[in-house]
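Biologist: Could you take one part of this model and go over it closely for me? I'd like the charged pairs to come in, and after that whatever they lead you to on the inside.

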Amino acid sequence: MLIFIVFISIYLLISFTVYEKVNEHINYEINEYSKKIEVVNNNVRLIDKNEWEEREHNEVSVDPVFLEITNSNGQIIEKSENLKSANLYFSRKLLKSKITDIKLSGQLIRQIQFPLYNKTKIGGYLLVAVSLEEATSVLDNLRTILLISFPIVLMLLFFVARLIAGRSIKPINAIINTAEAITRENLKSRIILPNNKDELYTLSVTINRLLDRIENTIEREKQFTSDASHELRTPLAVIKGTLEVLIRKPRSTDEYQQKITFCINEVDRINNLVDQLLLLARFENQKLAVRIEKINLNQIVNEILNRFALKIKNKNINIIKQLEDDYFVESDLYLLSIVLNNLISNALKYSNDNSSITISFNNLESKTFFEISDNGIGISENEIGKVFHSFFRTTNSTNIPEIKGTGLGLSIAKRICDILNISIEISSQERIGTQVKLSVN
């Protein structure tokens, strides 16, 4: 259709140009001969009779121009020799300078009828005509050429377009083949990037990045499921073993009470682990709705310390609070409380007896900084980068049976900080202590 429209446009444009040239020729002749004709006492006559003897007015074969002069009634006064016995078409109904196409002795011509005035009254008419044979011959030849070349151009464009489309569609086929090859067990396949950095290149890069995110998500899910099942299986195995030992033979009341209390503690540990796993799953699925409100940080810290008052007393830990002023931030109270609770809980858990913990706030450049430092067992340099991984526990803590934990506290804190746009940094040295710093906008 586009080629057809282009060809039609070419034909119409050339046709318009050819006929416009013919019209210009006619108008030129009219202007020239109207100056050489005079009307005197209602008589029309030529000023220069020799004009009629020009070759173009005497021959028909060489770009002929036909001239005819009539009186006001249309009676012929003079005409060019090339008209011979034929006459041009005359009609009083024709408007001034009206162009008309007629046939003269079987030859197509274009003529114009121009009135000659005697002052304000028409004294006669000048009829000028030119042959259209050359124009129609040019247009016929052009039409024939276009009709012949149309199917040839179509076929040529078809094969060229097919070749270009075949090359262009290769990256799409690569995308389709890669997508079909990807399964849950095979997430390593990636689309080979095209050489040309066009839209398909951008699409391929985008899909590869999507596949990277999907692979990372599934790997985290597998790791999470594996770690969660392991963490749940351990206390369940302990409970099962304790109960099996308990029913092997009759026990004293104290033994029953001791074993049942131990099982209850393990069940509490499972409940705590399940709560943390559910909370972590909610963060992974991004289903938490954040409620922003004005929060008093001092109040949150004091409530958390009161909650851990017994533990602080039992370990004889000195809490140093540098909270002289009241500090307020715009954030989610529930989520921020979880973060601060986990950080303070970790500091108490990993601090040595008779040590100290420092908690401080300060404002700097429209940001509020929370810092908590302990003098606990610390984290090795090799493990500091893994502290935010789910279920990760340092070697130092696993070697101390008294320190219980699931390895989810810091992982949960990190995910909440990401949701609340809070930066969290941890620095630590083995057997010296750990420092955690939060930056809240």
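Modeller: Sure, but let me fix some words before we zoom in: a residue is buried under 20% relative accessible area, exposed over 50%, and partly exposed in between, using a 1.4 Å probe and protein chains only. This is a predicted model, so local features need pLDDT of at least 70 and side-chain atom pairs count only at pLDDT 80 or more, while totals for chains, interfaces and linings use all residues. Numbering runs from 1 along each chain as its sequence is written, and side-chain values use heavy atoms, with hydrogens and water left out.

Let's go straight to the charged pair of Arg190 and Glu215, whose side chains meet in a salt bridge at 2.7 Å, N to O (that is, a side-chain nitrogen of Lys or Arg within 4 Å of a carboxyl oxygen of Asp or Glu). Arg190 sits in the loop between helix 3 and helix 4 (199-246), with Glu215 in helix 4 itself, so the pair ties together parts that are 25 residues apart in sequence. (Helices here are DSSP runs of H or I with at least four residues, strands are E runs of at least two, and both are numbered from the N terminus.) The two partners fall into separate classes: Arg190 counts as partly exposed because its relative accessibility is 24%, and Glu215, at 10%, counts as buried.

Searching the whole structure turns up 7 salt bridges. One of them joins Glu255 and Arg251, with the closest N and O atoms 4.0 Å apart. Glu255 is partly exposed at 33% relative accessibility, and Arg251 gets that label too, at 22%. Going back to our starting pair, salt bridges that share partners link Arg190, Asp212 and Glu215 into one network. For a pair that stays inside one helix, look at Asp140 and Arg143, whose side chains meet at 2.3 Å, N to O. They are 3 residues apart in helix 3 (residues 133-181), so about one helical turn separates them. Asp140 is partly exposed at 35%, and so is Arg143, at 36%.

Now the inside. Of the 441 residues in the chain, 39% count as buried, spread over a fold whose secondary structure comes to 10 helices and 14 strands. The largest nonpolar core has 45 residues, and those with the most contacts inside it are Val301, Leu340, Leu343, Ile344, Phe370, Ile372 and Leu438. By nonpolar core I mean buried Ala, Val, Leu, Ile, Met, Phe, Trp, Tyr and Cys residues joined through side-chain atoms within 4.5 Å. Elements giving two or more residues to this core include helix 5 (253-284), helix 6 (297-307), strand 11 (356-364), strand 12 (367-374) and strand 14 (433-440). Helix 8 (333-350) is on that list too, and with 9 residues helix 8 gives the most.

Zoom in on Ile344 and you can see the packing: leaving out residues up to four places away in sequence, Ile344 touches Val301, Ile304, Leu305, Phe308, Ile359 and Ile372. A second, separate core of 25 residues includes Ile3, Ile37, Val44 and Leu132.

Helix 8 also carries Asn341, a polar side chain that is buried, with a relative accessible area of 17%. Setting aside neighbours within four places in sequence, Asn341 is in contact (heavy atoms within 4.5 Å) with Ile304, Arg307 and Phe308. Ile304 and Phe308 also turn up among the residues touching Ile344. Across the chain, 60% of the contacts between residues at least 6 apart in sequence join residues at least 24 apart.

Last stop, helix 10 (409-419), which is another contributor to the largest core. Of its 11 residues, 8 are buried, so helix 10 is largely enclosed by the rest of the structure. The buried set is Gly409, Leu410, Ser411, Ile412, Ala413, Arg415, Ile416 and Cys417. Just past the end of helix 10, Asn421 takes a positive phi of about 55°, and strand 13 (423-429), also a giver to the core, follows in the sequence.
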